[in-house]
Amino acid sequence: ADAMQTWIYVVLCVLSVALALLVKFVVEILGPAKSKKGRKNAGSTASSSAEPGTQPSMSYTPLTTDQKAQIKDKLEEFSMLGPMFVSQLVGKILTEVPKRLTALQEAFAQGNRDEFQRQAHTLYSTTAQVGALYWAQTAKRIELATKEGKMAEQGQEVTWLVTQFEGLREELLTYQPAA
């Protein structure tokens, strides 16, 4: 019995080290995404009342209850890694997504198809990982349309992402410790 307990303890230690390495890897890929490893398809999404592809307004539309629940559910999956991990993950997204949105806008303005497509993909994969599927799907549509040679038609979608990020930002801030 003691040998079995020791063996279980060793296995759990090895698994915890492996999990820590996996967490480190996930956090690293949320930065300037250069690898496709560990990324998941976002699947179907709940729709926001401010639909992408429609004339964007100057203000964002608050997230729906379903959209908030998707984010909460996804972040709860990460909570087993500890509150500090969730806080760091959210913090990384809150700092990286605005940079990526700026790069997306610049690539669009310059007509840089490859960079535009890369930034759209990065925005998709980053936000899908925290359950912001409604937002991530718009980034995915931009990426796919660009692959199909329809980059010039994506101006409204880009504006929608930029405008609607404020709602996503507000929701993600609720998962950050008070300053």
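The questions and answers below go through a predicted model of one protein chain.

Reader: How many helices and how many strands are in the chain?
Author: From the N terminus on, the elements run α-α-α-α-α-α. The count for the chain is therefore six helices and zero strands.

Reader: What share of the residues score a pLDDT of at least 70?
Author: This is a predicted model, and pLDDT is the predictor's confidence in each residue. The chain averages 79. Over residues 31–50 the pLDDT is below 50, although this stretch has 47 contacts in the model beyond near neighbours in sequence. The share of residues that score at least 70 is 66%.

Reader: What percentage of the chain counts as buried?
Author: A residue is buried if its relative accessible area is under 20%. The chain has 179 residues, and the share that counts as buried is 42%.

Reader: Of the contacts with a separation of 6 or more, what part comes from residues 24 or more positions apart?
Author: One residue with a partner far along the sequence is glutamate 171, which is 108 residues from leucine 63 but 7.9 Å from it in space, C-alpha to C-alpha. Across the chain, residues 24 or more positions apart account for a share of 72%.

Reader: What distance should H4 span, at 1.5 Å a residue?
Author: H4 has 16 residues, and the expected span is 1.5 Å times one less than that number. The end C-alpha atoms of H4 lie 22 Å apart, which agrees with the expected value of 22 Å.

Reader: How many residues of H4 are buried, and what covers them?
Author: H4 is mostly covered, with twelve of its 16 residues buried. Among them are Phe116, His121, Thr122 and Tyr124. What covers these buried residues includes H2, H3, H5 and H6.

Reader: Is threonine 122 buried or exposed?
Author: Threonine 122 is in helix H4. Its C-alpha atom is separated by 9.6 Å from that of alanine 136, which is 14 residues away along the chain. The cut-off for burial is under 20%. At 1% relative accessibility, threonine 122 therefore counts as buried.

Reader: Which residue lies over the face of tyrosine 124?
Author: Tyrosine 124 is one of the buried residues of H4. At 4.8 Å from the centre of its ring, over the face, lies lysine 140.

Reader: At which residue does H6 bend?
Author: Helix H6 covers residues 155–173 and has 19 residues. From its first C-alpha to its last it reaches 27 Å, close to the 27 Å expected at 1.5 Å a residue. Even so, H6 bends by about 35°, and the residue at the bend is glutamine 164.

Reader: Which helices help to cover the buried residues of H6?
Author: The buried residues of H6 include Trp160, Leu161, Gln164, Phe165 and Leu168. What covers the buried residues of H6 includes H2 (65–79), H3 (83–110), H4 (113–128) and H5 (133–147).

Reader: Which residues does glutamate 171 touch, leaving out those up to four places away in sequence?
Author: Glutamate 171 is found in helix H6. Its relative accessible area is 11%, so glutamate 171 is buried. The residues touched by glutamate 171 are Leu63, Lys68 and Ile71.

Reader: How are the rings of phenylalanine 78 and phenylalanine 85 arranged?
Author: The structure holds four aromatic pairs. In the pair of phenylalanine 78 and phenylalanine 85, the ring centres are 5.5 Å apart. Both residues, phenylalanine 78 and phenylalanine 85, are buried. Their planes meet at 50°, so the pair is tilted.

Definitions and conventions: Residues numbered from 1 in each chain as written. Predicted model: local features only at pLDDT ≥ 70, side-chain atom pairs only at ≥ 80, totals over all residues. Heavy atoms only, no water. Phe/Tyr/Trp six-rings, centres within 6.5 Å; stacked < 30°, edge-to-face > 60°. Buried < 20%, exposed > 50% of the residue type's maximum accessible area, 1.4 Å probe, protein only. Lys NZ or Arg CZ within 6 Å of the ring centre and 35° of its normal. Helix = DSSP H or I, 4+ residues; strand = E, 2+ residues; numbered from the N terminus. Bend = angle between axes of the 7 residues up to and from the residue. Contact = heavy atoms within 4.5 Å. pLDDT = per-residue confidence, 0-100.
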